[in-house]
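Trainee: Before we discuss pockets and cavities, could we look at the model together? I would like to understand how each label is earned.

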Amino acid sequence: MNPDYHMHTPLCHHATGHPAEYVQEAMRKGLPEIGFAEHSPMPEHFDDWRMDLGDLPRYFELIEEAREKHPGFPIRLGLECDYFAGQEEWILKLAGMARWDYLIGSVHYLAPGWAVDNPAYVGRYKECPPEELWSMYWTACERSVRTRLFDFIAHPDLVKIFGARPAGDLRRYYEPVVAALAECRGAFEINTAGLRKPVHEIYPALDFLRLAREAGVPIVINSDAHMPAQVGMDFDAARALARQAGYTTSLRFQARQRTELPL
């Protein structure tokens, strides 16, 4: 089994369960280790689905509580950092606030006040042509990779969440991001949460995976769990998709160092 490094806590205001409960589920399913990656705080209040800066000490406490309840089971400490232009210095500052095992880079915002995966803004998809929408999203993804701030990238094609897709071969959007990942020694996750979203697909698409495999870009398999029952969810489907693209290994992380393990 693979580790699961993308899990949340109640501090983000839209997840449930103590980290120790996630560990219990991981052990029940035979995962070798897990890691938490709460939505990164901003210097000031930014939205209602991330922990506040003042919650960071409590975040560390929650992870320590889980470690104390399950000694000997590896529990990694991470952070899911929203990327958009102008936040680089803040992410660098966050990187120095703890001994992180990994930092995940994610693109949620296409513009201030427009989170691409927020159902509250789904009406904007009708106002913005899919070509423009995808261009904005994938350009931001490429920029996030080229900052070299992150250990891996989350849910690479999140923009498909509500089904909006441009016509034609979508590899034209994937290729610049894959090239950036290869050049920057980056990695990305196969995220099974898409199966629980309106698109009902794993992130990313098989064509993205095939391009990334050809370029030698490594993967992580994650659930993006927001409740204990989602830990390791649909990992069989994710591994099958990875193998279909030609992958035979995935990554594990500790102290921001990565090693390979068999898929």
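Trainee: How do the residues lining the largest pocket divide into nonpolar, polar and charged?

Mentor: In this predicted model, the lining of the largest pocket divides into nine nonpolar, nine polar and five charged residues. The lining comprises 23 residues, and His 14, Asp 117, Lys 197, Asp 224 and His 226 are those nearest the pocket's centre.

Trainee: What makes Asp 117 and Lys 197 charged, whereas His 14 is polar?

Mentor: Asp, Glu, Lys and Arg count as charged, and His is on neither the charged nor the nonpolar list, so His 14 is placed among the polar residues.

Trainee: What is the volume of the second largest pocket, and which elements each supply at least two residues of its lining?

Mentor: Its volume is about 290 Å³, while α5 (130-146), β6 (152-153) and β10 (257-262) each supply at least two lining residues. Of the 18 residues that line the second largest pocket, Phe 150, Asp 151, Cys 184, Arg 185 and Gly 186 lie nearest its centre.

Trainee: Why is the space lined by Trp 138 and Phe 208, among others, called a cavity and not a pocket?

Mentor: A 1.4 Å probe fits in a cavity but cannot get out, whereas a pocket is open, so the space with Trp 138 and Phe 208 in its lining is a cavity because the probe is trapped there. The search finds one cavity of 30 Å³ or more, and the largest has a volume of about 30 Å³.

Trainee: What kinds of residue line the largest cavity?

Mentor: Its lining has eight nonpolar residues, no polar and no charged.

Terms used: Residues are numbered from 1 along each chain as its sequence is written. This is a predicted model: local features need pLDDT of at least 70, side-chain atom pairs count only at pLDDT 80 or more; totals for chains, interfaces and linings use all residues. Side-chain values use heavy atoms; hydrogens and water are left out. On a 1 Å grid over the protein atoms alone, a cavity is a set of points where a 1.4 Å probe fits but cannot get out, and a pocket is an open set with protein on both sides within 12 Å along at least five of seven lines; lining residues have an atom within 4 Å of a point. Grid points are joined across faces, edges and corners, and a volume is the space filled by probe spheres set on the points. Helices (H or I, at least four residues) and strands (E, at least two) are DSSP runs, numbered from the N terminus.
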